[in-house]
Amino acid sequence: MAAETGAAGRPAENMETKNEQEEQIVTPWDVAAEKGGKIDYDKLIDKFGCQRLDHSLIDRVARLTGRPPHVFLRRGVFFAHRDFSDVLDAYERGEKFYLYTGRGPSSEALHLGHLVPFMFTKYLQDAFKVPLVIQLTDDEKCMWKNLTVEESQRLARENAKDIIACGFDVSRTFIFSDFDYVGGSFYKNMVKIAKCVTYNKVVGIFGFSGEDHIGKVSFPPVQAAPSFPSSFPHLFSGKDSLRCLIPCAIDQDPYFRMTRDVAPRLGYHKPALIESSFFPALQGETGKMSASDPNSAIYVTDSAKDIKNKINRYAFSGGQDSVENHRKFGANLEVDIPVKYLGFFLEDDNELEHIRTEYGSGRMLTGEVKKRLTEVLTELVERHRRARAAVTDEMVDAFMAVRPLPNMFS
Amino acid sequence: MFFFFPKSIFSLSALPYAASLKSQPLFLSLLYLKICLTKFVINTSRLPHSKSFLQPPHHNPQPPAAITATSSPRRLCFRHRRLPAVPSSVATLLSFPTDFGRIMRNSLSEKPNRCFIGGEMTFTNEQLLARLQELQIGFSQYEHPVVLTVEAQAKYVGNMKGALSKNLFLKDKKHRYYIVPALAGTKVDLKVLSQRLGLGKGGCVTPFALVNETARHVSLLLDKGFKSKECCFFHPLSNDMSIALNAHDLDKFLNSIGKTPAYVDLEATPTVGNDQPPDLASLVPSDASVSADPPITLESSKGLEKNHTSADEQPVIGAGAKPEKPSNASTKEKPSGAVNTSITYADPNKFVDEILEKTRAIVLSEIKEDENIEKYLEQLATIVSNNISKQLGMELKNLAIIFKNMSYTEGFKAGIHHQPKRM
């Protein structure tokens, strides 16, 4: 599964694009706003049929977990959900759930946008004290990106190190790669799921054509299977009624609509979703983050100098062209990237509010905002790098071992 | 014959300098060094050659006209400095001002001199040469007038076989000392060297000075060029003589006094950055910790945290805690006792909350102790303790997770390699 925010680049024909050129396009492979505009998330929610994450739910989370809600919740980064309130109801009754997220290991270099869902998932794991399974879809990348099996397995292990560096608790986390784990009960569920989805349906959802190889067509059940607890007999045996919560980016919604459709027929709870908006590229909302352009994103391997450079040179600014105009009119906060990034990563609500008012009114200049952003991101990347340095191959083996997790709910 | 400080002399509570330092045997010697070298200008090409303050000038047949011509006060290794007033009980030890004056005077006269530090003797030239002979180290010896620079030495021994050496005596910010003997022709870039040692960026010495106990904590970095020459000239403990020996024999001597010679390519300029740690960092002396930093008020809480967590968290704690401490809280002893419930240690978050609770308690209690400033500091206490919870809390939780993961991994590895009991 590609739990990637931002434009995921999976080259596949999409029937929808041919019909709806004027509207925005959001699919697992293609994200495009209306002509020259931004993504309209309200329209998206209506179209997909998911629900807004409103303040009452956020307060409820804070109450249930006994700690302040995560930055991403407070700032509306994770803004939509399906059945999250049901999960919270069950949690209140004492019924736990487990988390499921994943990554398509297509490249070694991770940028901050890739880390966003993992940072949020770590928060959920700590706040609710629930176990987590992380799927590394090396087979998907092998098929779609045409990598060799060995290369995709190697990338999966490398990405696992960065994921572990986000701070997951080994006694509550199971990371697995498809090439290693598919089989046994997992495969049984895959077959059960596959029997419930017709070819036409999968073509409709994912846009396969007669030219696509059969590997692609039979992949969706692989991504759907972890939503069901019986896929992990070493973890959840006997707990068929355990619910699943999936934090992901909103462009993955079509995948899980299919899974939710299948679940009742197999006798499981529908997996709940909590969805995030897209992480903007450095050049602005309209830009696309792409692996070929290293200046479109901040990578976790960037040095402090690189970060400073990238922000100063490439971050799209909403400030006016001259100081006088800026003081007069203020900045355009809607398109300003540094303020948006600060919205993701600056912990202190008051400080962010202060920056927004000062910058928006023109009293603060772009340089100061960029400087503050550089500090925040440098600290983040530095912390990540230190944690990454502490991850050994043995640690990856430990995380990926098929083992029971006692106390995963305590 | 080694120079040795009886520890009893060093009840230095009376000394102003020592008030904030843990008493150390090396304190005086390093203080001595520090005073000597405070204004030492490091200039590789014109460095005075092999003139240690430890070595006594030898018999001088000629008046040292050469010295006045080539040397300036700046080039001499020691300074006449006045120390702050010290109690009379230790005045006898601290005869530095008179020592300085005496050595300076003697270097320009003909009296043989021995260096006194703290009332004990150091090695003399004859003793060193005798030592070398004991160790069966072959060397050729040449006497000449006192020389202070490489050029001066070259005048006398340059026509003979053997490479000339020059010496850099360096001190870093943390008052650690390095002697860097190099071939006279080697260009040493000090900025690069300090980077390679992992320091920031900053004598007339001889490698043989390390024989003295006072130089115990001085790091020696030898130019690897010495190894390739058949023999090199060094001064023994006096600068009116040069002895030639080869690098192998020098090693023999250094090993005999318990110093491992470290040969370094002084001209290399490897990039030192985040990915490449300083390649010479292992050569930085680690014991010499005469730190003149004022006591940080929360050393006690830092100490407590040390009980629970690994050593590399210290810089994090220091960085977070330092700016916020009120300067007039006094340092207290470390409170005892770690909490020993297995639940605390299994759950990193509870573990960290425990630490924070104790830190907060200490901060509040220390601040409230001082009655006079209580009312102003009540508010400060709350702010400080809130900051601790927020910033420190985040950092410590991250570190605790890494710690837990590593422990689990080690257990896991042991488990999979576990061999079942053979019946």
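**Exercise 1. Find out how many disulfides the whole structure holds, and say whether A:Cys142 and A:Cys244 are buried or exposed.**

Solution. Keep in mind that you're working with a predicted model.
- Step 1: search every chain for disulfides. The count over the whole structure is 0.
- Step 2: look at A:Cys142. Its relative accessible area is 15%. The cut-off for buried is under 20%, so A:Cys142 is buried.
- Step 3: do the same for A:Cys244. Here the relative accessibility is 1%, and A:Cys244 counts as buried too.

**Exercise 2. Work out what share of the residues is buried in chain A and in chain B, and how much surface each chain exposes.**

Solution. Take the chains one by one.
- Step 1: chain A has 410 residues, and 57% of them are buried. Its accessible surface comes to about 16400 Å², with 51% belonging to carbon and sulfur atoms.
- Step 2: chain B has 423 residues, and 48% of them are buried. Its exposed surface is about 21400 Å², and carbon and sulfur atoms supply 55% of that.
- Step 3: add the secondary structure. Chain A has 21 helices and 9 strands, while chain B has 13 helices and 9 strands.
- Step 4: check how chain A folds back on itself. Of its contacts with a separation of 6 or more, 78% are between residues 24 or more positions apart.

**Exercise 3. Put the strands of the open sheet in chain A in order and say which ones stand at the edges.**

Solution. Walk across the sheet from one side to the other.
- Step 1: the 7 strands run in the order β3-β4-β9-β8-β5-β6-β7 (chain A), and the pairing is mixed.
- Step 2: β3 (51–52) and β7 of chain A each have a single partner strand, so they stand at the edges with one side lacking a neighbour in the sheet.
- Step 3: try the β3 end. β3(A) pairs with β4 (residues 78–82) of chain A in the antiparallel sense, over 2 bridges. A:Arg52 has A:Ala80 in β4(A) as its bridge partner.
- Step 4: now find a helix that covers the sheet. Helix α5 (residues 84–93) of chain A lies across β4, β5, β8 (243–249) and β9 (272–276) of chain A, at about 140 degrees to β8(A).
- Step 5: stop at the loop between β4 and α5 of chain A, where you'll find A:Asp83. Its phi is near 65 degrees, a positive value in a residue other than glycine. A:Asp83 is partly exposed, with a relative accessible area of 22%.

**Exercise 4. Describe the surroundings of strand β6 (residues 132–136) of chain A: what are its partners, and how many of its residues are buried?**

Solution. Start with the neighbours, then turn to the side chains.
- Step 1: on one side, β5 (residues 97–103) of chain A runs parallel to β6(A) and is joined to it by 5 bridges. A:Gly102 stands opposite A:Gln135.
- Step 2: β6(A) also pairs with β7 (residues 173–177) of chain A, again in the parallel sense over 5 bridges. In this pairing A:Leu132 is opposite A:Thr173.
- Step 3: trace the connection. β5(A), helix α6 (residues 112–128) of chain A and β6(A) form a right-handed β-α-β unit.
- Step 4: sort the side chains. In a regular strand they alternate between the two faces of the sheet. In β6(A), A:Leu132, A:Ile134 and A:Leu136 point one way, and A:Val133 and A:Gln135 the other.
- Step 5: count the buried residues. That's 5 of the 5, so β6(A) is largely enclosed by the rest of the structure.

**Exercise 5. Say how many residues of helix α18 (residues 337–345) of chain A are buried and what covers them.**

Solution.
- Step 1: 9 of the 9 residues are buried, so the helix is largely enclosed by the rest of the structure. Among them are A:Lys340, A:Tyr341 and A:Phe344.
- Step 2: the cover includes α4 (71–74), α6, α19 (349–361) and α20 (366–389) of chain A.

**Exercise 6. Locate A:Met400 and list its contacts beyond four places in sequence.**

Solution.
- Step 1: A:Met400 sits in helix α21 of chain A and, at 16% relative accessibility, counts as buried.
- Step 2: its contacts outside that window are A:Phe174, A:Ile175, A:Phe176, A:Ser177 and A:Asp180.
- Step 3: compare positions along the chain and in space. A:Met400 and A:Val133 are 267 residues apart in sequence, with 10.0 Å between their C-alpha atoms.

Terms used
Residues are numbered from 1 along each chain as its sequence is written. Chains are lettered from A and ligands numbered from 1 in the order in which they are written. This is a predicted model: local features need pLDDT of at least 70, side-chain atom pairs count only at pLDDT 80 or more; totals for chains, interfaces and linings use all residues. Side-chain values use heavy atoms; hydrogens and water are left out. Buried means under 20% relative accessible area, exposed over 50%, partly exposed in between (1.4 Å probe, protein chains only). Two strands pair if DSSP finds at least two bridges between them. A crossover is right-handed if, with the strands pointing away from the viewer, the path from the first strand over the helix to the second runs clockwise. Contact means heavy atoms within 4.5 Å. Axes are lines fitted to C-alpha atoms, for helices over the stretch in contact, and angles run from 0 to 180 degrees between N-to-C directions. Accessible areas come from the Shrake-Rupley method with a 1.4 Å probe; for residues, only the protein chains shown count as cover. A disulfide is a pair of cysteine sulfur atoms within 2.5 Å.
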